[in-house]
Each structure stands twice: as C-alpha cells, then as structure tokens.
Amino acid sequence: MYGNDFPADDTSGGLLGEVEAAETALREAAERGRHGAAGADPAAYFAEVIAADQKVEPRDWMPEAYRATLIRQIAQHAHSEIIGMQPEGNWITRAPSLKRKAILLAKVQDEAGHGLYLYAAAETLGISRDELVDLLLAGRQKYSSIFNYPTLTWADMGTIGWLVDGAAIVNQVPLCRCSYGPYARAMIRICKEESFHQRQGYEILYTLAHGTPAQREMAQDSVNRWWYPSLAMFGPPDTDSTHSAQSMAWKIKRFSNDELRQRFVDMCVGQAEVLGLTLPDPALRWNDERGAYDFTQPDYAELIRVIKGAGPCNRQRMEHRRQAHREGAWVRAAAAAYAAKQAHKKEQASQKEKVA
Amino acid sequence: MTAHAEMTGPGAVQTAAAPMAVPNRFDFVLGLADDALVAAQRLAQWCTRGPEMEEDIALSNIALDQLGAARLLLTYAGEVEGAGRDEDALAYLRDDREFRNCLLAELPNGDFALTMAKLLFLAAYQVPLYTALADCGDERLAAIGAKARKESAYHLDHASVWVRRLGDGTDESHRRMQAAVDEVWPYTHELFTPDPTAPVDPATLRADFDSVVAGVLAEATLTAPETSWMPAGGRNGVHTEHLSYLLAELQVLHRAHPGASW
Ligand SMILES: [Fe+2]
Ligand SMILES: [Fe+2]
C-alpha cells in the first residue's frame, strides 16, 4: 500500500523542505568561504564565524565549553540511535507481513547507521567511540528517555514512527543548521532518513486505523500510551531548561524546547484527524489568538523520574546493551588478534623481500 | 489448518542418502524460499545483539537479502501452485510440517561462531545454486538466481572473513569456531540430496561447495570433521524441534488476526 490510500504526501509537515533548505544554505556557506583566518585572536575569529553563520570545523580553535557541549549532545544523540534500536527490534521477528518485516528491519538498520555517523561526528571533537560507549555503559551519559518505554503491540511500530521519529525530526531539523560543520552535515543525512521512518510509521497506523476493530483499538491504545512521552522528548519547559541560552548563542540550538514542542503539536493534530485517531488530550483546541493549539503539558515529574532511571525499561535497555557488548568481547578480541597476525606476516614478508 | 496427507508418515526418518519421492516444481521452489525465509528470521534475531555495531548492520543486511529472496520465491511458488496463496499466506499460514527448508537454516543461532559457521555453509551452497539457477530453463527462477547470487557472494565473503578471523584469532575464538564447525557440519549433507528432476540437481553443487569450504577452513586453521551422521528430512517437512518455535514467533501476530491486512 505504498500507493495512494492515504492522502498526506509529506507527513513531516514541510520539514523535509527545511532539511533541503539547510542543505542548500550549507553549500552556499561553503562556497562563500570563510573570511580571514584565525590569526592572533582565535576567540574573536570563532565569534566571527558563528556570527556570519559559517561552520566551525574540527581543526578550528573552539571554546572548551563549546567542545564539551557538542560532545555531550552528539554522544547522547548517538546513544539514543543505538538504544533506540531495541524497542523496535523487539517486533522484527513478529512483524505481521513479510513486507512490514523488511521495512522494519531496514529501519532498525538505519538507526544503527545513524549511531555510527554520529559517533564519527563526535570523534572529530577528539574523543573516541570506545570512550563514549564506555560512558554509556557506565551510565555516565544519557540517551533519549523515550526509549525507556516498552513496545507492547505491533501498533507501537506505527506510533513510534509517526510520533517518536516525528518529534525527532522536529528537534533535529534545526540542527541541520548547527554551527558545528560535521554535526550539521550528519543531521542533514539523518533527517532525510528519519522522514522516511516517520512516513512508514504513519502508514502502519493508517492501515491499522482503517482495519478491523481489533486493529483500530490497538492503534488508539498505542497513541494513548505514546502521546505524552513524545511531548516530553522536547525536554523540560523553557523555564527549567539549563543548557539552552548558551547553546542558542553558539547556534548549536536554534529554538527553545517549548517552541519545538508547540510546532510538533500543531503538526500532529491534522495528521491525527486524517488517521481517524484521537490524541488523548481533552484540552487540545485551536487558539486563534496564539495561532497555535493549546494542549496539556506532559508530566515533567515523570520525565525526570525516567531520566533518573525509574522508567519501565531503563534497566532492561542498559542490560541488553551491556550483554551484547560483553558477549561480543571475545569476537572483538579475535578480530584484533587476527589483524595483528596479518600485519606481522606482511611485515615479515616485506623484510624478506628487502633481504632478497 | 490443513491436513498433512502428503507426509510420509511416522517412522519415515529421512537420511540424505535415501531416495526421495519426485518433488514437483512447487516443492522445489518452496525449499529455496523456506531456506531463505528461515535464515532471514534467524539472522534478524541478532539485531541489536551483534558483537560490534558494524556487525549489527551487516547481519541485518544479510537478513534483508534473504528476506527479499524469500519473498520473490514464495510469490513464485504461490503462482506455480495456482491456489491463490501469496507470500504471506505461505509464510504465515503453513505449519512446520509443511515447511521445506533444510535443517541447517533452522538451527538456533548459538554464539557468533555458530552463526558464522551456519552462514558460511549456507552461502557456500546458495552461491553455486543461484548461479546454476540463473542459467536454468525456468525464466522466473533464472531472474531470481541472477539477483540472489550476487547477494550470496557477499554473504559468503562476509562469513569467510569472520571464520578466518575467529579460526586464526585467539585460543578462545579458535576453540569456539572449531566447535561450531563440528556442530553444524553434519547438517550440510542434506543440502546435496540428489534430485535429478529439479531445475538444478543439488547433488551437482557439492564439488563447488567442498572446494570453497575446504579453502576457507584451511586458511582459518580449522579442520572439517569426519562424521557419519547425516541428519536430513527438512525437504520433506520432517524438521528439528526448533522450527516450530521459530514459526510460532514469526506467525503469532498474523494468525491472531485472521484476514486482517497490515
Ligand atoms: Fe535515527
Ligand atoms: Fe528513525
């Protein structure tokens, strides 16, 4: 049913267009070239590059706090991609049709790819992937708390695509214009794939919502469970957000948590109507004055609890990751030993050649 | 559920050497399809559990290739049968006694070495099989073979690289890899059970398989075990105990909603 049995073509609410615009802006900035060079005052030059909407590149001088902020943010994003494979991976072997199985498997594989590009982007800041993975496994770096909720039914594959990938896109599209070049470029690539994920999720939900009564009920139940956790993906309200002001000044972040959350709600309302599903918020209504929907805020106390480790699946997700890492240790050791043996053989062969 | 009137009855323990009933084209295509489907399901079970992140991606890729081949083959099998069964009807609504995959594909994943041994043997069989199919008289099978052989060549390459690394890596990896080869090897014989009426007689693929596998095992400092045990029966629907569990997981949701579309 890739065809025309649902109407909205760009279900990402025009966000894909914004990704393309960011890509064009990135190309134009690169063509303009940066003025001048770092010279004697690298801090002033850094400020100039940011002010001119140019990109900071790995070899440039940058404030240590800028570097640390980026490492924290990119690592958290990479970890989210990797941990985020688990809730969806949970349904691959039970997908209800072979086509859906193939799409889901490819999607989870994409997420692994996103994790890898992001670790590579973080590595340009002078930290290794192994170090970052160790920080994750030691519980010293976080991943998105949304992945600490369980996927209980097949409909969750639809809802995660629609709402979770959808919220991720709303969050990430502005990052395509982030001041740090490698991150901005990774985000452009990732956002394009996320928009496919979002569309696939929407298709799953559309099919369920127009299917048997049991399928419909499964879809509605799923949206009921994921709506508020998805709203919480944008982080605490602006009044409590600690990192925002500095990140905005550095053009790492471009919109506040609440602005992005509002944009997401406004995007979802119409889509829910097309799906024929109800967003579980009796207070949801259009506000003419604001030109936006009024809605009930997610339970931020719950968000904090989940971030601190008390979500339904925190322990399970971390243990799953640790187990894979632990059980793979002998394989990685073997690959390293084999590579060392091969390198040694090559060296011996070339020495023999020299002697002969 | 349909009855299994075509089954050979209790006590019909199959061995690779025993003569088989002449299978029709439907059974032959179904055998290939089920090998691919069951292999895809097993590989998909690795997703999020790989020893490194790159390997998660590689195993998912191979699973996707196998699933893609399975879908083409099941669709074709359904057309050959002419009873209106599509890929999903064949994948989700048959019981284990109606599956025609080789036992090798359905064996549990075990550790990474066991999975690589399974992949090596399956790919070393599928490469010459699909290559031969690409030149066979059946146009549909020829097209599927031409596509799938390239994918299988990658699977073979991937498995060979890992078998060499593990075989010639550390003491532990060598021990695990040899144990995996020993465990899986007996199941390779079934793959080559003669069938002169098939579009490609599996017996003709043996020489190619033997030479490829011998080369990889030698480079990996491993030995092919001597064994007289040749378990078989998959092609006739007599499986190991593992298949029914694999299918239970694969089919549970589809069967819980009869007639629904997804
Ligand atoms: Fe992603
Ligand atoms: Fe995604």
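**Two iron sites in the predicted model**

A:Glu194 and A:His197 are both buried. In this predicted model, the two residues belong to helix α8 (residues 181–209) of chain A, where they are three residues apart, about one turn of the helix. Both contribute to the coordination of the iron ion (ligand 2), A:Glu194 through OE and A:His197 through ND1. The remaining donors to this ion are A:Glu111 (OE) and A:Asp165 (OD), and the four contacts fall at 1.9 to 2.3 Å. Along the sequence, the donor residues of the iron ion (ligand 2) follow the spacing E-x53-D-x28-E-x2-H. Angles among the four donor atoms range from 84 to 149°, and the site of the iron ion (ligand 2) is irregular.

The iron ion (ligand 1) is coordinated at 2.0 to 2.2 Å by A:Glu81 (OE), A:Glu111 (OE), A:His114 (ND1) and A:Glu194 (OE). Its donors are spaced E-x29-E-x2-H-x79-E along the chain. The site of the iron ion (ligand 1) is likewise irregular. Four donor atoms surround this ion, with angles of 86 to 140°; a tetrahedral assignment would require all angles to lie between 85 and 135 degrees.

The iron ion (ligand 1) and the iron ion (ligand 2) are separated by 3.5 Å, with A:Glu111 coordinating both. A:Glu111 is placed in helix α5 (residues 98–123) of chain A and A:Glu194 in helix α8 of chain A, so the pair ties together parts that are 83 residues apart in sequence. A:Glu111, like A:Glu194, is buried.

Key:
Residues are numbered from 1 along each chain as its sequence is written. Chains are lettered from A and ligands numbered from 1 in the order in which they are written. This is a predicted model: local features need pLDDT of at least 70, side-chain atom pairs count only at pLDDT 80 or more; totals for chains, interfaces and linings use all residues. Side-chain values use heavy atoms; hydrogens and water are left out. Donors are N, O and S atoms within 2.8 Å of the metal (3.2 Å for Na, K and Ca); water is not among the atoms, so sites may look incomplete. Four donors count as tetrahedral if all angles lie between 85 and 135 degrees; four count as square planar and six as octahedral if opposite donors are over 155 degrees apart and all others between 65 and 115; anything else is irregular. Helices (H or I, at least four residues) and strands (E, at least two) are DSSP runs, numbered from the N terminus. Buried means under 20% relative accessible area, exposed over 50%, partly exposed in between (1.4 Å probe, protein chains only).
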